[in-house]
Amino acid sequence: MKKTIQFAGQLSIYDAIEELVDEREQALCYKAISAQDRAYAPYSRFTVGASVLMSGGQIVMGSNQENAVYPLGLCAERVAIFAAHNIHPDSRIRSIALTTSADLEDGEAPVFPCGSCRQVLVEEEYRTGEEIRILVLDTQRRVYVVEGINNILPFAMNKDSLD
Ligand code: THU
C-alpha cells in the first residue's frame, strides 16, 4: 500500500541585520558582506561572500574562487569552513552567513547554499553534534535564518549512513 508523508523546513526572516539578537551574528553578516569583495569570479561574475562564527567567537571569512578549468572553483562557504578548521582547529562552527550578487526582485528569497555546501554543512553538524545556524542576506540586507541544515537538506547522508 502506498503511503505519502509530508516534510517541511522552517525559516525566520529578520528585516534588518540589527534585528538579530546575537551581536556576534550581526558582525558575522557584515563580515560576509566584506568577504564578497574578495571573490574571484571572472567566469560566472557571480560573487559570494561567506563568514563562519566559531564557538570561541572568532569569525573566518571566505569568498568564491573560480578557475579557467571551471569545476576546480570553490564556493565561498567551503572556502570559509575549511579555512576555519585550519585557523581555529579547537573551535567548532556555530553559524554561517552568506551574501551573493544575485539580482533579486524586492521580496524574492536570496540564494541559499548550493547542494554541495549543504552536504559539507551536514558534516559540520555531525562533527559537533549541534545544529548550525545559516544566515542568508538578500539585497535589502534582510536576513533569512535557518536553524539546522535539516531544514534545507532533509534525508542527508552522514557518517552513520556508512555503517
Ligand atoms: N557559489 C558559491 O560560492 N556559493 C553558493 O552557495 C552558490 C554558488 C559560487 C560558485 C561559483 O563561483 C559561482 O557562485 C556561480 O555558481
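Trainee: Which atoms make the link between Ala 76 and the ligand a polar contact?

Mentor: In this predicted model, a backbone N or O atom of Ala 76 lies 2.9 Å from an oxygen atom of the ligand. A polar contact is a pair of N or O atoms within 3.5 Å, so the pair at Ala 76, at 2.9 Å, is called one.

Trainee: What makes Asn 64 and Glu 77 polar contacts of the ligand?

Mentor: In Asn 64 an N or O atom of the side chain is 3.0 Å from an oxygen atom of the ligand, and in Glu 77 a side-chain N or O atom is 2.6 Å from a ligand oxygen. Both values are within 3.5 Å, and therefore both pairs count as polar contacts. Taken alone, the ligand exposes 370 Å², and the protein buries 76% of that.

Trainee: How do you know which class Cys 75 and Glu 66 belong to within the shell around the ligand?

Mentor: The ligand is surrounded by residues including Phe 46, Glu 66 and Cys 75. Cys counts as nonpolar and Glu as charged, so Cys 75 falls in the nonpolar class and Glu 66 in the charged class. By class, the shell has seven nonpolar, two polar and two charged residues.

Trainee: What is known of the largest pocket, and what takes up its space?

Mentor: The space taken by the ligand is the largest pocket, which has a volume of about 270 Å³. Among the 19 residues that line this pocket, Phe 46, Val 48, Asn 64, Glu 66 and Cys 75 are the closest to its centre. Helix 2 (76–87) and strand 4 (93–100) are the elements that give two or more residues to the lining, which divides into twelve nonpolar, five polar and two charged residues.

Note on methods
Residues numbered from 1 in each chain as written. Predicted model: local features only at pLDDT ≥ 70, side-chain atom pairs only at ≥ 80, totals over all residues. Heavy atoms only, no water. Near = heavy atom within 4 Å. Polar contact = N/O pair within 3.5 Å; in protein donor to acceptor, adjacent residues only side chain to side chain. Areas by Shrake-Rupley, 256 points an atom, 1.4 Å probe, with all protein chains shown as cover. 1 Å grid on protein atoms, 1.4 Å probe; cavity = no way out; pocket = protein on both sides within 12 Å on 5 of 7 lines; lining within 4 Å. Sits in = over half its atoms within 2 Å of the grid points. Points joined across faces, edges and corners; volume = space filled by probe spheres on them. Helix = DSSP H or I, 4+ residues; strand = E, 2+ residues; numbered from the N terminus.
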